[in-house]
Amino acid sequence: MRQRNKPWAKEKLHEYKDIVISEPENQKGNWHEIFNNNNPIYIEVGTGKGQFISQMAKKNPDGNFIGIELSASVIVTALDKVLETEVENVRLLNVNAEKLTDYFSESEISRVFLNFSDPWPKNRHEKRRLMYSDFLSVYETILKPEGEVHFKTDNQALFEYSIYSFSNYGMIIKNVSLDLHKSDFENNVMTEYEEKFSEKGNRIYRCEAQFRN
Ligand code: SAM
């Protein structure tokens, strides 16, 4: 995501430390304490400007949602969305998803969402794709047994790579849609990228991939 650098972003994130958790490693295994309930915890990796995570939280008050985003200049907009939406069941982490096992213990997470992940089209950048096998291993560790990754994109090549990577890892691929907005999938929550690319006429691909026990 190309984004203007916002030098003040880190300071603002720090001001809202009830929402943007600054030392997530201290919370490992105890995220339910932060949410003050035992509801399932869902994470979105590469949450961007936060529309999906805040709308999902609003529509699903019985779930807890955590947005993971590398860029402070981007996640600061997600913070504004969370504040605007007035949802209490969202937290944000300004961290690299590579390190998720430092922040969550085994089986602590109920689902991983990947939405419009950066495609990194060059072969030499394959390891940066959020569905590369090293990332899948991280998700498998923190997800409950038979946990699922739900993935959407408008990028056909990335979608094909993802199906390859999920199945190569031994995951079960389910509910594949090659044109989500023309399918009978209900309760779709749009992301910023999804709005932008579907307005241009791009079709949206979606699938679910489940780890085997
Ligand atoms: N999900 C949003 C949407 O659909 O509108 C944003 C999509 S944007 C193309 C991808 C986002 O993933 C960027 O904001 C980028 O900073 C973030 N990202 C990429 N690699 C990441 C990583 N390893 N850890 C955390 N965030 C990452």
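**Exercise 1. In which strand is Asn115 found? Place Asn115 and judge its burial.**

Two ground rules come first. Numbering starts from 1 along each chain, following the sequence as written. The model is predicted: local features need pLDDT of at least 70, side-chain atom pairs count only at pLDDT 80 or more, and totals for chains, interfaces and linings use all residues.

Step 1. Asn115 is found in strand β4. Helices (H or I, at least four residues) and strands (E, at least two) are DSSP runs, numbered from the N terminus.

Step 2. Apply the burial cut-offs. A residue is buried if 20 or more other C-beta atoms lie within 10 Å of its own, exposed if 12 or fewer, and partly exposed in between; C-beta atoms are placed from the backbone. Asn115 has 25 other C-beta atoms within 10 Å, so Asn115 is buried.

Step 3. List the contacts (C-beta atoms, placed from the backbone, within 7 Å). Leaving out residues up to four places away in sequence, Asn115 touches Glu44, Phe52, Lys152 and Thr191.

**Exercise 2. Classify Lys99: buried or partly exposed?**

Step 1. Lys99 sits in the loop between β3 and α5 (100-103).

Step 2. Lys99 has 14 C-beta neighbours inside 10 Å, so Lys99 counts as partly exposed.

Step 3. Take a distance. Lys99 and Ile173 are 74 residues apart in sequence, and 25 Å separates their C-alpha atoms.

**Exercise 3. Describe the sheet. What is the order of its strands?**

Step 1. The sheet is open, has seven strands and runs β3-β2-β1-β4-β5-β7-β6, with mixed pairing. Two strands pair if DSSP finds at least two bridges between them.

Step 2. The edges are β3 (90-93) and β6 (172-177), each pairing on one side only. From one strand to the next, the twist averages 20°.

Step 3. Inspect two pairs. β1 and β2 are parallel over five bridges, with Ile43 opposite Ile66 in β2. β5 (residues 143-153) and β7 (residues 205-210) are antiparallel over six bridges. There, His150 stands opposite Glu208 in β7.

**Exercise 4. Which strands does helix α3 touch, and what encloses β2?**

Step 1. Helix α3 (residues 51-59) packs on the sheet and touches β1 (41-45), β2 (64-68), β3 and β4 (109-115). The direction of α3 makes about 175° with that of β2. Axes are lines fitted to C-alpha atoms, for helices over the stretch in contact, and angles run from 0 to 180 degrees between N-to-C directions.

Step 2. α4 lies across β2 and β3, at about 170° to β3.

Step 3. Five of the five residues of β2 are buried, so β2 is largely enclosed by the rest of the structure. Asn64, Ile66 and Ile68 lie on one side, with Phe65 and Gly67 on the other.

**Exercise 5. Which helix gives the most to the shell around the ligand?**

Step 1. Count the shell: 22 residues surround the ligand, and the closest are Gly46, Gly48, Phe116, Thr191 and Tyr193. The criterion is a C-beta atom, placed from the backbone, within 6 Å of the molecule.

Step 2. Helix α8 (residues 192-199) gives the most, with three residues.

Step 3. Sort by class: nine nonpolar, eight polar and five charged. Ala, Val, Leu, Ile, Met, Phe, Trp, Tyr, Cys and Pro count as nonpolar, Asp, Glu, Lys and Arg as charged, and the others, Gly among them, as polar.

Technical notes
Two residues are in contact if their C-beta atoms, placed from the backbone, lie within 7 Å.
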